[in-house]
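Me: I'm new to reading protein structures and would like a close look at one part of this one. Could you show me how its helices pack against each other, and then what lies around the ligand?

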Amino acid sequence: MEKVVIIGGGYAGIYALRELVKNKNIKITLIDKNTYHNLQPEVYDLIANKSNIADVTIDLTTLCLGIDHDYLEYKNLIVRNIDTNEKKIYTEEQEIVTYDYLIVAAGTRTFFPPSIPGLNDAHDIKKLQWAMYFKQSFENQLFKKIQDEAKQCEDTNIVVVGAGLSGVEIAAEMAYNSKKFFKRGNFSCDNLKISLISSADTILPGLNRDLINISHKRLKSLGINVITNTKLTQMDEHYAYLSNGTKIVNSFLIFTGGVESSKIKGLDDFSHNQRGQLIVNEYLQTTNDKNIFAIGDIAEIKNQNGELMPPNVTIARCSGICAGKNVLRQINGKELISCKPKLEGILIALGGEYAAGDIYGMFTVKGKIAYEIKKYVFNSYRKPLLKLIKNGYQKLQKLKRAS
Ligand SMILES: Cc1cc2nc3c(=O)[nH]c(=O)nc-3n(C[C@H](O)[C@H](O)[C@H](O)COP(=O)(O)OP(=O)(O)OC[C@H]3O[C@@H](n4cnc5c(N)ncnc54)[C@H](O)[C@@H]3O)c2cc1C
């Protein structure tokens, strides 16, 4: 029986898995260092206290249990090294997993420029434990304001570094929710301030001008202090130091300033681009080994015109589905199909029931309608997974009752 291993149960890995399980006669192993699939694009809601941990995670054990396949297993392991000659995966936990076909879907991690003293993974938005910490810190800051009410009511500052999609969404949601909180309780000490730092001359660099303008206006109306053309140069317990010579007292800082590809030994001599992404052909096979596929953020994925696709959920989905199909086709000796990624647009949550979006590059939407579209897109991804974990959970309960 052919053995297929997926490294990474993120968006790309899960889409690949859902294709692979259509063949009931192969052994499939999903490996992830976390016990859950992290719904990263929804983490801004978690931090701003609008949702909880169950809303931004999909349990991988119950997910795999909920899928009807006799030879599917999930392993909670950290992959350290791959011996591509022996087709063996070595893990931190000393377990060795063998494969015939491998799909690498290990995504990216936050890049902390070593030139910024004080910055480290305690400011990492991609790690759920830190997102939880930010959520608690945010709630604590709000509580502190109430405690301060009868005293001097000093400014409280939260600093978000990086004004790409995630930085903008987090800052907007925190600002919106703190405003709502102060209004609801009629609290007088409501001077919680959020600063958003962009090293570029605008927020959301690279996006279309309409989206930038709508978002900028919305952030301003939420009272966010947007600082452009400025870098974080240093931070310590009390201050964030900026390249414009100023410093901001900071209660906590979230860094969303950049990412780099996850590193796995054994693949370091495979062809990479400058961002560290693995080079793949149109079938998503790595150029060094036709039995190893790479998908999602960790791969350099191009459309049919040869244009580089940005790392996002649409591309993770398209590449995951295509690689899953191609592994099955390769096993069955069929011709492989090309991955034809297309960008469907972009939707940015801007606090509360307000969003802005660019749909298929054809028109711009804003306000509640954009928010509803974004909600629909998230739900359509999440719904089938929720059905599977519900299935898996029921199976687990039955097994518990039987034992
Ligand atoms: C805060 C935030 C907001 C975002 N908002 C949006 C948005 O609104 N729209 C959008 O389209 N995109 C958004 N993105 C980007 C989107 O989340 C990514 O493009 C998407 O997650 C990529 O999927 P992936 O499967 O390639 O990687 P990931 O989802 O990152 O999954 C990689 C998986 O690999 C696992 N892994 C990594 N290394 C190892 C190892 N050595 N051993 C075992 N397991 C390993 C990880 O635990 C993880 O589960 C956002 C990202 C962030 C961080």
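Reply: Happy to help; here is a walk through the helix packing, and then the ligand shell. Keep in mind that this is a predicted model.

Two packed helices are described by the angle between their axes and the distance between the axes. Let's begin with helix α1 (residues 11-20) and helix α7 (residues 313-331), whose axes lie 7 Å apart and pack at an angle of about 35 degrees. The crossing in which α1 passes α7 is right-handed. If you want to find the contact in the structure, look on the α1 side for residues including Tyr 11, Ala 12, Ile 14, Tyr 15 and Leu 20. On the α7 side, their partners include Val 313, Ala 316, Gly 320, Ile 321 and Leu 328. Sorted by class, the residues of the contact of α1 with α7 are twelve nonpolar, four polar and four charged.

Now turn to another pair, helix α5 (residues 165-185) and helix α6 (residues 209-221). Their axes come within 10 Å and cross at roughly 30 degrees. Angles under 35 degrees count as roughly parallel, so α5 is roughly parallel to α6. Here α5 passes α6 in a left-handed crossing. Val 168, Ala 171 and Ala 172 of α5 make this contact with Ser 215, Arg 218 and Leu 219 of α6. The classes in the contact of α5 with α6 are four nonpolar, one polar and one charged.

With those helices in mind, let's move to the ligand. There are 34 residues around the ligand, and those that come nearest are Gly 8, Gly 10, Gly 107, Gly 296 and Asn 312. Some names will be familiar from the helix pairs: α1, α5 and α7, together with β2 (27-32), are the elements that give two or more residues to this shell. By class, the shell has 17 nonpolar, 13 polar and four charged residues.

Finally, it helps to step back to the whole chain. The domain assignment gives domain 1 (3-33 + 77-111 + 259-343) and domain 2 (132-255). The C-alpha centres of domain 1 and domain 2 are 36 Å apart.

Notes
Residues numbered from 1 in each chain as written. Predicted model: local features only at pLDDT ≥ 70, side-chain atom pairs only at ≥ 80, totals over all residues. Axes fitted to C-alpha atoms, helices over the stretch in contact; angles between N-to-C directions. Helix = DSSP H or I, 4+ residues; strand = E, 2+ residues; numbered from the N terminus. Left-handed = near helix turned anticlockwise from the far one by under 90°. Contact = placed C-beta atoms within 7 Å. Nonpolar A, V, L, I, M, F, W, Y, C, P; charged D, E, K, R; others polar. Parallel < 35°, antiparallel > 145°, perpendicular 65-115°, else oblique. Domains from an automatic or database assignment. Near = placed C-beta within 6 Å.
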